[in-house]
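Okay, thanks for making time, everyone. I'd like to walk you through one structure today, mostly from the point of view of a single chain. Have a look at it first.

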Amino acid sequence: MEAVAQQIPLEHFLVLSAILFSLGVYGVLTRRNAVLILMSVELMLNAASINMVAFAAYAAPERAVVIGIVFAVFIITVAAAEVGLALAIILRVFRNRGTANVDEVDQLKW
Amino acid sequence: MPEELNLDYSLLTPEFCLAGLAALVFALDLFAPRFRKEWLPYLTAAGLVAILGLSFGWANKESDFAGLLSVDNYTTFFRVFFMATAAAVALASAQFVPARLRHPGEYYGLLVLSTIGAIYMAAARELLTAYISLELLSFSLYVLVSYAKFDPRSNEGGMKYMLLGAFSSALFLYGLSLIYGSAGSTFYADIASAYAGGTEEFDLGLLMGLVLVLAGLGFKVAAVPFHMWTPDAYEGAPLPITAYLSATSKAAGFALLLRLFSSAFLPVLDDWQWMFAALAALTMVLGNLVALQQHNIKRLLAYSSIGQVGYMLMAVAALSSATASALLLHLSGYVITNLAAFTCIIAWNNLTGKEEIADFRGMAERAPLLAASLTAALFSLAGMPLFAGFLTKFLLFQAVAEEGFLWLSVIAVVMSLVSLYYYLMVIKELYISQPEEPGRLPVPALVNGLAVALVVGVFYVGIFPRHLFEAAQEATKLLFA
């Protein structure tokens with residue numbers, strides 16, 4: 001870990017995760033298809049994981065290193081569960097309405 | 001991180017029992033074809049009440065599990081609170097579920113599982129634990145909101161809730177990662193001590209982290225401008241789940257907010273206080289004004305609950321031990337009142353199948369007891385004297401004003417007056433308009449009993465608040481120790 005730290009500064013990881021996060025937010029706000037929105041949310045979650053692992057390797061005090069890594073594992077697990085659940089609900093919408101585009105699913109408003 | 005881990009599993013007994021109850025309900029539905037499905041709600045409610053009694057065993061004790069979960073009076077308060085809410089919702093679903101939904105076992109099982117998530121949100125004193133509990137509650141609710149499989153409105157409400165919920169969790173997580181990087185730990189106590197000396201220079205990581213955490217939790221409690229999912233999820237969800245959303249999901253969000261911001265972020269109060277104050281003002285004004293033009297009772301109560309969230313956010317903005325205990329009291333009064341209102345609405349919906357405000361006309365003739373209970377609940381929500389809403393709002397607004405946020409209290413009082421208008425519009429339909437068809441409706445005795453019990457609770461909190469207020473004070477005392 002020491003050798004890596006000398007070559008790549010922490011900022012590189014943070015910038016990478018910030019770009020991923022922003023792409024995710026952009027995707028959530030612009031995509032029409034529910035599945036693509038879900039993919040964008042996954043990007044945001046991965047950005048958080050990268051942050052966690054990078055902070056664990058570089059910035060955290062000795063006794064808190066493991067927290068960041070465990071956190072990243074939990075994020076991956078929860079993200080997997082979330083996709084399963086979300087796809088099931090989107091599938092129901094698609095079966096009943098014949099579309100998974102969020103702007104066409106508009107029975108409820110105001 | 002504590003040096004010595006206290007791995008005393010007996011501290012978590014009530015939640016183990018809840019998990020067992022959920023497993024029992026699932027198994028009975030799946031493997032016992034002879035078991036009468038109509039008994040499931042009563043079994044669930046009885047189990048919840050029994051475990052609720054058990055959890056009083058931890059009253060006035062102070063301990064923690066491995067530094068991750070506190071078991072103190074705050075946790076005990078919310079254990080009792082969430083289990084009582086879930087039991088009331090289970091009873092209120094007894095007629096609704098067999099008529100409208102399939103697979104009752106999973107319905108009641110998920111209700112119990114989401115209660116565990118809500119309890120741990122209140123008990124958590126570490127960010128990862130808080131996050132996992134939040135997701136346990138949210139995932140159960142995503143399924144429950146879209147539970148009416150063949151009803152497109154339920155699917156749509158569930159999809160919107162789930163997509164925005166996932167988005168807000170991602171915001172929340174990214175915020176947590178920034179706070180972990182800035183403070184170097186995820187334990188509330190360590191975060192507080194990391195910032196104890198004050199931050200010397202401008203800490204962008206902390207500020208961004210706070211904004212994102214606030215946005216993520218703002219979605220969960222439905223604060224403006226993160227409230228867009230609320231009316232849709234409320235309207236789409238099966239009625240008892242709408243009641244549950246308005247009670248447990250909100251209260252759990254505030255339980256988490258209160259412990260997080262009082263025990264981890266209190267040293268950096270100046271960084272986040274203005275955010276909460278701005279959110280509270282926006283939420284109160286927008287929630288109450290948009291409620292004025294609703295014609296569906298579920299959407300009306302959704303916007304009214306957004307308005308209530310504004311009052312509660314005010315207490316977090318003016319955080320002190322006085323406002324925290326006033327917030328707990330207001331939450332309890334609000335939840336009892338809302339459950340009373342929803343019990344009546346669910347019963348009316350079971351008998352007539354309608355949920356527009358105009359469809360409630362003449363309820364006073366067709367189901368007088370329900371109409372009277374609904375009126376009491378709506379008056380309490382509006383904050384009329386003698387009802388719970390008046391007293392809890394009074395104490396809350398007063399505590400907030402004493403902390404130097406007089407302008408917020410003034411907005412809150414004005415908005416309470418506005419809210420009276422739309423509650424009175426419903427009451428007008430109940431009492432003054434003529435019914436569509438004459439004749440009494442056969443309201444089941446149990447529903448009448450539940451409604452009356454909840455209305456008695458509303459009056460009890462409104463007239464003799466001492467016991468509940470003392471419990472709230474005991475619960476919040478340790479947060480500021």
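So, to start: what percentage of the 481 residues in chain B do buried residues make up? It comes out at 63%. Before I go on, keep in mind that this is a predicted model. On confidence, chain B has a mean pLDDT of 93, with 99% of its residues at 70 or more. For the complex, the predictor reports an ipTM of 0.95 and a pTM of 0.95.

Now the overall build. Chain B contains 20 helices and two strands. Its radius of gyration is 21 Å, close to the 23 Å from the globule rule for 481 residues, so chain B is as compact as a globular protein of that length. If you lay the C-alpha trace of chain B along its principal axes, you get a span of about 70 × 55 × 40 Å. And for those of you who like contact maps: take the contacts in chain B between residues at least 6 apart in sequence, and 81% of them join residues at least 24 apart.

Next, the inside. The largest nonpolar core has 232 residues, and the ones with the most contacts inside it are B:Met121, B:Leu256 and B:Met314. Helix H14 of chain B, residues 321-352, gives the most to this core, with 19 residues. Let's zoom in on B:Met121. Leaving out residues up to four places away in sequence, B:Met121 touches B:Ala130, B:Ser133, B:Leu134, B:Leu137, B:Ala252, B:Ala255 and B:Leu256. B:Leu256, you'll recall, is also on that list of residues with the most contacts inside the core.

Then there's the contact with the other chain. It takes 34 residues from chain B and 39 residues from chain A. On the chain B side, helices H6 (127-145), H7 (152-183) and H10 (229-236) each supply at least two residues. Which of them gives the most? That's H7(B), with 18 residues. By type, the chain B side divides into 18 nonpolar, ten polar and six charged residues.

Okay, the last stretch is my favourite: helix H9 of chain B and what comes after it. H9(B) runs over residues 204-221, which is 18 residues, and it reaches 25 Å from first C-alpha to last, close to the 26 Å expected at 1.5 Å a residue. Of those 18 residues, 13 are buried, so H9(B) is largely enclosed by the rest of the structure.

Now for the backbone oddities. As a reminder, most residues other than glycine have a negative phi, and most peptide bonds are trans. Right after H9(B) comes B:Ala222, with a positive phi near 65 degrees. B:Ala222 sits in the loop between H9 and H10 of chain B. That loop also holds B:Pro225, and the peptide bond from B:Val224 to B:Pro225 is cis, with omega near 5 degrees.

There's another one elsewhere: B:Asn60 has a positive phi of about 60 degrees and isn't a glycine either. You'll find B:Asn60 in the loop between helix H2 (40-55) and strand E1 (63-65) of chain B. So are these two buried or exposed? B:Ala222 is buried, with 27 other C-beta atoms within 10 Å, whereas B:Asn60 is exposed, with 9.

That's it from me; happy to go back to any of these.

Notes: Residues are numbered from 1 along each chain as its sequence is written. Chains are lettered from A and ligands numbered from 1 in the order in which they are written. This is a predicted model: local features need pLDDT of at least 70, side-chain atom pairs count only at pLDDT 80 or more; totals for chains, interfaces and linings use all residues. Two residues are in contact if their C-beta atoms, placed from the backbone, lie within 7 Å. Helices (H or I, at least four residues) and strands (E, at least two) are DSSP runs, numbered from the N terminus. Ala, Val, Leu, Ile, Met, Phe, Trp, Tyr, Cys and Pro count as nonpolar, Asp, Glu, Lys and Arg as charged, and the others, Gly among them, as polar. A nonpolar core is a set of buried Ala, Val, Leu, Ile, Met, Phe, Trp, Tyr and Cys residues joined through C-beta atoms within 7 Å. A residue is buried if 20 or more other C-beta atoms lie within 10 Å of its own, exposed if 12 or fewer, and partly exposed in between; C-beta atoms are placed from the backbone. The expected span of a helix is 1.5 Å times one less than its number of residues. pLDDT is the predictor's confidence in each residue, from 0 to 100. The radius of gyration is taken over C-alpha atoms; the globule rule is 2.2 Å times the number of residues to the power 0.38.
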